[in-house]
Amino acid sequence: MFKNVAFFASYNDARKTPADPRPQIAFAGRSNVGKSSLLNKLSGRHKLAKTSKIPGRTRRIDFFLVDERFYLVDLPGYGYVKAGVEARKKWGQLVENYLRNVDNLKGLVFLLDCRRDPNDDDMQMLEWLKANDVNFIIALTKADKLGRGALCQKNTAIRKLLGVETIPVSSISGVGKNELIKWIDTTVKNQTERS
Ligand SMILES: Nc1nc2c(ncn2[C@@H]2O[C@H](COP(=O)(O)OP(=O)(O)OP(=O)(O)O)[C@@H](O)[C@H]2O)c(=O)[nH]1
Ligand SMILES: [Mg+2]
């Protein structure tokens with residue numbers, strides 16, 4: 001369990017992220033996929049990261065410090081069409097600059113909606129993560145929206161299609177929460193030991 005998760009800072013310029021050697025674990029995925037909600041669920045604080053029914057809620061890069069040990073990083077989502085070309089470009093660049101320049105990114109939780117097939121944006125992100133050797137795991141979000149059988153089928157299909165480890169999660173039921181916390185914890189511990 002994470003004992004104390006606290007808002008640390010919010011940036012709209014990826015070059016000004018915390019000058020701090022502590023590890024960072026980022027949350028990335030399409031707009032509205034459930035990044036901020038999942039971050040809240042993991043931290044046990046419902047209103048820590050701002051969530052919304054309307055896509056495009058997270059427009060900055062938000063940092064949350066966990067037990068003084070590492071940061072959880074809430075990234076703006078990609079692919080929100082109604083945001084307009086300029087805004088989309090800006091958020092895209094913000095995320096891209098962050099991912100390209102961050103030194104202490106030790107792991108990334110890549111979120112996909114369990115009811116949808118990955119789209120071109122998702123595939124592009126996935127290829128980028130693989131090409132850049134980012135250590136990541138896929139969280140299949142909103143698992144509460146599917147029955148057990150359908151979820152299991154979807155989970156197996158996505159795992160096979162993408163060739164990456166997956167965890168079904170729900171910010172409502174809490175499914176997958178402990179498993180994901182364990183992955184984050186292990187990732188942070190391994191990195192701390194190595195450095
Ligand atoms: N049923 C269900 N709804 C969820 C779950 N997680 C998030 N939602 C809903 O999905 C919507 C978007 O959630 P957010 O957490 O704001 O999504 P986000 O990925 O942070 O979105 P951006 O900040 O726009 O990139 C909200 O209406 C949430 O209540 C879940 O596990 N189950
Ligand atoms: Mg968000």
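Helices (H or I, at least four residues) and strands (E, at least two) are taken here as DSSP runs, numbered from the N terminus. On that basis the protein chain has five helices and seven strands, and from the N terminus on its elements run β-β-α-β-β-α-β-α-β-α-β-α. The model is a predicted one, so local features need pLDDT of at least 70 and side-chain atom pairs count only at pLDDT 80 or more, while totals for chains, interfaces and linings use all residues. Residues are numbered from 1 along each chain as its sequence is written, with chains lettered from A and ligands numbered from 1 in the order in which they are written.

Overall dimensions come next. The radius of gyration of the protein chain is 16 Å, close to the 16 Å from the globule rule for 195 residues, so the chain is as compact as a globular protein of that length. That radius is taken over C-alpha atoms, and the rule is 2.2 Å times the number of residues to the power 0.38. Along its principal axes, the C-alpha trace spans about 45 × 40 × 35 Å. Of the 195 residues, 37% count as buried, meaning 20 or more other C-beta atoms within 10 Å of a residue's own (exposed is 12 or fewer, partly exposed is in between, and C-beta atoms are placed from the backbone). Contacts (C-beta atoms, placed from the backbone, within 7 Å) lean towards long range: among those with a separation of 6 or more, 72% join residues 24 or more positions apart.

As for the sheet, it is open, with seven strands in the order E1-E3-E4-E2-E5-E6-E7 and mixed pairing; two strands pair if DSSP finds at least two bridges between them. Strand E1 (5–11) and strand E7 (166–168) stand at the edges with a single partner strand each, so one side of each is left without a neighbour in the sheet. On average, neighbouring strands are turned by 25 degrees against each other, direction ignored. Axes here are lines fitted to C-alpha atoms, for helices over the stretch in contact, and angles run from 0 to 180 degrees between N-to-C directions. E2 (residues 24–29) and E5 (residues 105–113) pair in the parallel sense over six bridges, and Gly29 has Leu111 as its bridge partner in E5. Helix H3 (residues 120–131) packs on the sheet, touching E2, E5 and strand E6 (136–141), and its direction makes about 160 degrees with that of E5.

Then there is the core. A nonpolar core is a set of buried Ala, Val, Leu, Ile, Met, Phe, Trp, Tyr and Cys residues joined through C-beta atoms within 7 Å. The largest one has 39 residues, of which Phe27, Val73 and Phe110 touch the most other members. Two or more residues each come from E2, helix H1 (35–43), E3, E4, E5, E6 and helix H5 (177–194), with E5 giving the most, six residues. Leaving out residues up to four places away in sequence, Phe27 touches Lys35, Leu38, Leu39, Leu72, Val73, Asp74, Leu75, Val109 and Leu111.

A few backbone details round things off. Asp67 has a positive phi of about 45 degrees although it is not a glycine, and Glu68, not a glycine either, has one of about 60 degrees. Asp67 lies in the loop between strand E3 (61–66) and strand E4 (70–74), and Glu68 is also found between E3 and E4. Asp67 is exposed, with 12 other C-beta atoms within 10 Å; Glu68 counts as exposed with 9. Helix H4 (residues 148–162) is followed by Gly163, whose phi is positive, near 65 degrees.

Key: Two residues are in contact if their C-beta atoms, placed from the backbone, lie within 7 Å.
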